[in-house]
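Open the model in your viewer and keep the selection tool at hand. The stops below say what to select next and what is there.

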Amino acid sequence: MGSVEETALHLVPEPDPDADVALVRLRARIATDIASDRRSDHVFETLIAELDHRISGGRSAIITIDDADQSRVRASNLPPAIATLIHGASRRRWFGTWDAAMQRRGEVLAIEVAASSLYREHRGTFVEHGMLAARAVPLTGRHGIVVGACVTYLDQSRVLEPSEVDLFDEVTSLAELAIIHDQSRQELLDRIRHDPLTGLENREGLEEKLRRALDTARGHGWNVAVLFVDIDDLTLVNDSLGHATGDLVIAEVADRIRRQVLVGDTVVRFGGDEFIVVLERIDAIAEAVTTADRIRTAIARPLRIADTDLTITVSIGLTIGTGDRTALELIDEGHAAVVRAKQAGRGTNAVHDSSLDSLAGDRLDREVRLREGIDHHEFVLFWQPKVRLETGRIVGAEALVRWEHPDRGILGPDDFIPTAERAGLIDDLSDWVVWQAVREVAAFADVDPDFSVAINLSASQLTRPDMQYQLGAALDSYDVAPERVIVELTESSLADDTVAERMDDLRSLGVRLAIDDFGTGYSSLAYVQQLPVSIVKVDRAFLVGLAADGSGAPVLSAAVAMAHALGLSTTVEGVETRSQLAGLRNLGVTWAQGYLFAEPATQASLVSRMLDESSRW
Ligand code: C2E
Ligand code: CA
Ligand code: CA
């Protein structure tokens with residue numbers, strides 16, 4: 001038996017106990033590295049060092065292919081001339097044993113590099129650097145996908161010794177283990193960081209991403225913009241059509257947002273119906289506003305879900321910052337801005353104040369100035385008297401806001417109300433108007449305790465849930481009877497369904513409601529009659545042609561007659577001549593307002609006019 005064993009020993013090369021120990025040690029070391037989450041890069045270094053140490057005249061490399069299909073080389077002893085040939089190459093420039101091993105999914109040998117067709121035009125370079133033979137084995141990652149190769153170049157035309165092959169194969173398996181571990185970790189991270197409903201990243205990785213974007217921005221002098229996108233009234237969809245439909249809406253909104261941003265930009269599902277878009281490399285907030293507008297338009301396109309046609313809108317809060325800001329600050333500012341956007345009426349943008357200093361663009365400049373004007377109390381109310389035609393006496397006035405602009409003089413509402421609406425400043429401005437009007441009408445008690453004030457509210461103000469509270473609190477604070485306040489709503493604001501509901505809220509305070517600019521929209525008196533409105537204010541356009549005897553303005557006379565038949569009072573505004581006044585009297589109009597009586601002016605001038613007995617019309 002002994003001789004057989006001896007023979008065997010001669011046939012099979014002597015096992016090298018040192019090599020076995022080295023393998024076990026290597027395995028243990030790599031296992032520890034992987035268990036402690038060392039990256040595959042680090043593991044590769046150890047493995048290559050081991051190969052280079054133990055394969056005589058060998059120089060090894062691990063080559064992997066990245067997401068962009070570019071080769072990456074990890075090697076310690078490859079000559080730079082060779083490394084640069086292999087590293088960073090796109091698919092059509094791959095060559096040699098490692099490329100062949102990946103394509104064939106198996107071991108590839110080149111015993112004579114000088115003669116091998118695999119080395120093409122690079123043969124000379126390899127031979128010159130004493131790399132005469134090569135062995136490569138593919139590296140397989142998760143799901144059996146080949147992700148790279150391990151290659152050893154030898155300084156002689158030879159094959160590897162069996163013990164070298166053992167080591168090489170062991171190194172290959174360990175490298176694969178490290179790769180698979182990396183991939184699993186990445187998959188897990190991806191899963192943790194992605195929202196299954198929309199496929200978007202969730203807020204998990206947002207802060208880090210934003211921090212990185214800000215760091216890059218600091219280096220380049222760019223800005224980073226945060227858009228906080230919030231779906232309007234999703235609860236309505238959930239409540240009426242069910243949560244499954246709500247989910248479909250969220251997924252569709254996510255999709256539409258994603259289509260409006262550039263490839264490198266980040267879209268994150270921040271919460272239930274909230275998304276955050278991070279735009280890198282922004283010069284001015286105006287660019288971000290353009291993107292926000294695009295997103296809003298895309299989302300507002302009709303949407304068909306489960307046989308139901310829906311129109312979804314979003315509100316967007318914007319802010320920008322550069323490297324000196326923190327990720328959390330920007331997220332908070334975006335959130336604060338979206339809250340303001342919601343208050344300004346749904347389906348709008350609002351830019352956070354801090355972003356306004358860095359602005360480019362006239363329009364945004366005006367927003368900045370407007371905000372300052374509000375802060376600096378540059379607004380005043382002008383009063384335009386209203387005459388009761390039965391008595392010819394001034395019985396009330398409309399409060400019309402003016403901006404005493406330090407540079408531009410007194411500005412009328414058409415110059416700044418649209419800006420205020422767009423910039424989300426209208427709430428502040430309207431609160432001021434409401435409080436100031438009530439305060440000033442209270443001051444009228446000495447002159448005429450029944451004197452009334454008409455306050456203009458835009459549609460966005462009417463739908464504000466807290467408007468009723470603001471007005472009620474102002475009335476209480478100044479002890480003003482609610483009948484002395486008339487709220488004027490333009491005819492166009494009636495188009496909004498929620499408006500009718502809020503009208504009831506206001507009416508329940510005891511104030512009167514008037515429809516302003518009547519006749520310029522499409523509402524009929526029959527519709528107005530269903531609303532808690534008691535006054536119709538006919539637009540001055542209908543005065544055209546009115547003669548002193550009441551004829552010549554058929555639409556005006558029909559509207560007045562019908563309003564009275566429905567139990568409504570009437571105001572006609574824009575009265576400029578005595579003849580018009582006579583005509584209105586003949587039609588039985590309740591009140592008239594216009595330059596004939598007075599142009600809008602300060603309260604003081606109105607008081608002196610009223611105290612003057614001649615002010616009877
Ligand atoms: P409005 O409510 O229809 O106000 C009447 C406008 O007609 C006022 O312009 C007034 O100055 C002008 N006017 C008055 N009498 C005559 C006249 O005899 N002839 C002519 N040609 N015009 C006359 P103003 O003050 O520029 O206001 C414009 C609009 O701005 C108002 O239209 C109102 O819709 C809005 N507005 C005014 N104050 C406020 C406010 O405090 N809040 C809101 N949301 N809107 C306001
Ligand atoms: Ca008005
Ligand atoms: Ca009007």
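**Stop 1: the largest pocket**

Begin by selecting β15 (393-405), α14 (417-422), α15 (426-442), β17 (452-457), β18 (485-490) and β19 (512-518); each of these contributes at least two residues to the lining of the largest pocket. The model is a predicted one. Colour β15 separately: with five residues, β15 gives the most to this lining.

The volume of the largest pocket is about 1,000 Å³. Its lining has 32 residues, and those closest to the pocket centre are E398, L400, P413, D414 and N456; show them as sticks. Coloured by class, the lining of the largest pocket shows eleven nonpolar, ten polar and eleven charged residues.

**Stop 2: the second largest pocket**

Move to the second largest pocket, which has a volume of about 800 Å³. To find its centre, select I65, D66, D67, I179 and Q183, the closest to it of the 25 lining residues. Then add α3 (40-54), β1 (58-65), β2 (71-74), α5 (96-104), β5 (146-154) and α7 (162-193), the elements that give two or more residues to the lining of this second pocket. Which element supplies the largest share of the lining of the second largest pocket? That is α7, with eight residues. By class, the lining of the second largest pocket divides into eight nonpolar, five polar and twelve charged residues.

**Stop 3: the calcium ions**

Select ligand 3, a calcium ion, together with D516, D517 and E573. The ion is coordinated by OD of D516, OD of D517 and two OE donors of E573, at 2.1 to 3.1 Å. Along the chain, the donors of ligand 3 follow the spacing D-D-x55-E.

Now add the calcium ion that is ligand 2. The distance between ligand 3 and ligand 2 is 4.1 Å, and D516 coordinates both ions.

Are D516 and D517 buried or partly exposed? D516 has a relative accessible area of 5% and is therefore buried, the cut-off being under 20%. D517, at 24%, is partly exposed.

**Stop 4: helices α9 and α10**

Finish with helix α9 (residues 234-241) and helix α10 (residues 243-259). Their axes come within 7 Å and cross at roughly 140 degrees. For the contact itself, select L234, V237, N238 and L241 in α9, which meet H243, T245, G246, V249 and I250 in α10. By class, this contact of α9 with α10 has five nonpolar, four polar and no charged residues.

Notes:
Residues are numbered from 1 along each chain as its sequence is written. Chains are lettered from A and ligands numbered from 1 in the order in which they are written. This is a predicted model: local features need pLDDT of at least 70, side-chain atom pairs count only at pLDDT 80 or more; totals for chains, interfaces and linings use all residues. Side-chain values use heavy atoms; hydrogens and water are left out. On a 1 Å grid over the protein atoms alone, a cavity is a set of points where a 1.4 Å probe fits but cannot get out, and a pocket is an open set with protein on both sides within 12 Å along at least five of seven lines; lining residues have an atom within 4 Å of a point. Grid points are joined across faces, edges and corners, and a volume is the space filled by probe spheres set on the points. Helices (H or I, at least four residues) and strands (E, at least two) are DSSP runs, numbered from the N terminus. Ala, Val, Leu, Ile, Met, Phe, Trp, Tyr, Cys and Pro count as nonpolar, Asp, Glu, Lys and Arg as charged, and the others, Gly among them, as polar. Donors are N, O and S atoms within 2.8 Å of the metal (3.2 Å for Na, K and Ca); water is not among the atoms, so sites may look incomplete. Buried means under 20% relative accessible area, exposed over 50%, partly exposed in between (1.4 Å probe, protein chains only). Axes are lines fitted to C-alpha atoms, for helices over the stretch in contact, and angles run from 0 to 180 degrees between N-to-C directions. Contact means heavy atoms within 4.5 Å.
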